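Dear colleague,

I am passing on a structure that you have not worked with before, and you will find it just below. After it I have set out what was found, beginning with the surface and ending with a pocket.

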Amino acid sequence: MSTTTTAPLNGKVVVIPGGTGNVGEGIVRAFLTAGATVVVPSRSGARLDELVKLIGPEHAGNLKTIVAGYGTFDDTDVLATKLVEELGHIDHVVSAVGGWWMGKALWQISEEDWQKVFVDVATTHMALARSFVPRLTEDGSYTTIAGFSAQKPYPAAGIVSIQGAAQLMMREAFSAELKGQRRINDLVLGPVINRSRPGGDPNWLTADQVGEAAVGVALTASIADEHVVLDTVEDLKKTLARVTS
């Protein structure tokens, strides 16, 4: 894959909502390594500061953080407009928002649970896609990150599965309407080894490997309108073979 020497994304602007998260950190690092200017928005200045420390000084010049919300249509439109005005263009977006939740059967959940885990997260994904996809450069791409529970129901985590399934259909609907005008894909992840879960099955991907896959998808024009399944390291190898072939 790419190195800082080859810098295949030099001059490209990549926006990564959710970049402060456990998986998002690996995605941010991978795009910086590929030479991109990476913009990470977050409502939390403290989380942005933590991300800067985790990434370290090597890529400090290409990492741009901005305190901004993107949980509503209006907030996200303001953010996208501001970034285009300040940076001139947006080439790729990787939406890594959301997280894991479990503990109740569907008949036990409260309306508050439903609002937080399904409605708020689904609205955020929709707000990001509707604001950023039309603003991408013609050769740009949009990638949304989903979990395995979007396709495989997991007991006591039903809301996450429902939200993930809606997210995958959102991507399919965008693809159907765009008709090739822009590339939009989703990465469907299995369990991921990250800073909060530093151990696990050796066939699980690490957050940095998820980032490597996201960079590969952004670089590969032939990967368009796809569910890219990344349950295991073997899945990653298959995806990267398409990038390097």
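The protein exposes about 11,200 Å², of which carbon and sulfur atoms supply 54%. Please keep in mind while reading that this is a predicted model.

As for the overall build, the protein has seven helices and nine strands, and its C-alpha atoms fill a box of roughly 50 × 40 × 40 Å when this is taken along the principal axes. The radius of gyration is 17 Å, which agrees with the value near 18 Å that a compact globule of 245 residues would have. Of the 245 residues, 50% are buried, and among the contacts with a separation of 6 or more, 75% are made by residues that lie 24 or more positions apart.

The other finding concerns the largest pocket, which has a volume of about 1,300 Å³. Its lining is made up of 40 residues, and those that lie nearest the centre of the pocket are Ala96, Val97, Gly98, Gly99 and Trp100. Two or more lining residues are given by each of the elements α1 (22–33), β2 (37–42), α4 (111–132), β5 (136–147) and α5 (158–178), with α4 supplying the largest share, six residues. Sorted by class, the lining of this pocket holds 17 nonpolar, 18 polar and five charged residues.

When you open the model, you might start from Trp100, one of the residues nearest the centre of the largest pocket, and then turn to α4, from which the largest share of the lining comes.

With best wishes

Technical notes:
Residues numbered from 1 in each chain as written. Predicted model: local features only at pLDDT ≥ 70, side-chain atom pairs only at ≥ 80, totals over all residues. Heavy atoms only, no water. 1 Å grid on protein atoms, 1.4 Å probe; cavity = no way out; pocket = protein on both sides within 12 Å on 5 of 7 lines; lining within 4 Å. Points joined across faces, edges and corners; volume = space filled by probe spheres on them. Helix = DSSP H or I, 4+ residues; strand = E, 2+ residues; numbered from the N terminus. Nonpolar A, V, L, I, M, F, W, Y, C, P; charged D, E, K, R; others polar. Rg over C-alpha atoms; globule rule 2.2 N^0.38 Å. Buried < 20%, exposed > 50% of the residue type's maximum accessible area, 1.4 Å probe, protein only. Contact = heavy atoms within 4.5 Å. Areas by Shrake-Rupley, 256 points an atom, 1.4 Å probe, with all protein chains shown as cover.
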